[in-house]
Amino acid sequence: MPIYEYVCQNCQTSFEHLVIAKDSDISCPKCGGRQATLQFSVFAAPHSGDSSADAAASCGGGGCSPSGCGCDN
């Protein structure tokens with residue numbers, strides 16, 4: 001069961017929705033709007049210049065995300 005990312009057409013809120021069936025109703029958690037645009041998902045990747053082993057080791061094995069790896073370096 002995939003999790004898709006959407007943006008509400010009414011209030012521009014970004015939200016995720018677990019899709020159980022293709023015809024499931026999608027509504028914005030903020031305004032309840034039913035018109036949403038499917039977004040491309042962003043995935044985590046190692047920073048350029050770092051090997052994945054070095055990045056994982058420096059962050060306690062947790063890896064990194066688009067917002068950073070949470071390290072104190």
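Biologist: Is I3 buried or exposed?
Modeller: This is a predicted model, in which local features need pLDDT of at least 70, side-chain atom pairs count only at pLDDT 80 or more, and totals for chains, interfaces and linings use all residues. Residues are numbered from 1 along each chain as its sequence is written, and side-chain values use heavy atoms, with hydrogens and water left out. Buried means under 20% relative accessible area, exposed over 50%, and partly exposed in between (1.4 Å probe, protein chains only). At a relative accessible area of 52%, I3 is therefore exposed.

Biologist: In which strand does I3 lie?
Modeller: Strands here are DSSP runs of E with at least two residues, helices are runs of H or I with at least four, and both are numbered from the N terminus. By that rule I3 lies in strand β1.

Biologist: Which residues make a nonpolar surface patch with I3?
Modeller: A patch takes residues with over 30% relative accessible area and no salt bridge, joining nonpolar side chains (Val, Leu, Ile, Met, Phe, Trp, Tyr) within 5 Å and like charges within 9 Å. A salt bridge would be a side-chain nitrogen of Lys or Arg within 4 Å of a carboxyl oxygen of Asp or Glu. Areas come from the Shrake-Rupley method with a 1.4 Å probe, and for residues only the protein chains shown count as cover. The patch covers about 320 Å², and the residues that make it with I3 are L18 and I20.

Biologist: Which way does L18 point along its strand, and which side chains share that face?
Modeller: L18 is in strand β2, and its relative accessibility of 42% makes it partly exposed. Side chains alternate along β2: F15 and H17 are buried and point to one face. L18 points to the other face, where the side chains are not buried, together with S14 and E16.

Biologist: What is the order of the strands in the sheet?
Modeller: The chain has one helix and three strands, in the sequence pattern β-β-β-α. Two strands pair if DSSP finds at least two bridges between them. β2 (14-18) and β3 (36-39) are the edge strands, each paired on one side only. The sheet is open and antiparallel, in the order β2-β1-β3.

Biologist: How far does the sheet twist from one strand to the next?
Modeller: Axes are lines fitted to C-alpha atoms, for helices over the stretch in contact, and angles between N-to-C directions run from 0 to 180 degrees. On that basis the average twist from one strand to the next is 40°.

Biologist: Which residues stand opposite Y6 in β3 and in β2?
Modeller: β1 (residues 3-8) is antiparallel to β3 over four bridges, and five bridges join β1 to β2. Other opposed residues include V7 with T37 in β3 and E5 with E16 in β2. For Y6, the residue opposite in β3 is L38, and the bridge partner in β2 is F15.

Biologist: What is the phi of Q12?
Modeller: Most residues other than glycine have a negative phi. Q12 lies in the loop between β1 and β2, a hairpin with five residues between the strands, and is exposed with a relative accessible area of 53%. Its phi is positive, near 65°.

Biologist: How far apart in space are Q12 and K30?
Modeller: K30 lies in the loop between β2 and β3 and is exposed, with a relative accessible area of 65%. The two residues are 18 apart in sequence, and their C-alpha separation is 9.7 Å.

Biologist: Why is there no bond between the sulfurs of C11 and C28, and how far apart are they?
Modeller: A disulfide is a pair of cysteine sulfur atoms within 2.5 Å, and the structure holds zero disulfides. C11 is partly exposed, with a relative accessible area of 26%, whereas C28 is buried at 3%. Each is the other's closest cysteine. The sulfurs are too far apart for a bond because they are separated by 3.7 Å.

Biologist: What share of the chain is buried?
Modeller: The protein chain has 73 residues. Of these, the buried share is 18%.
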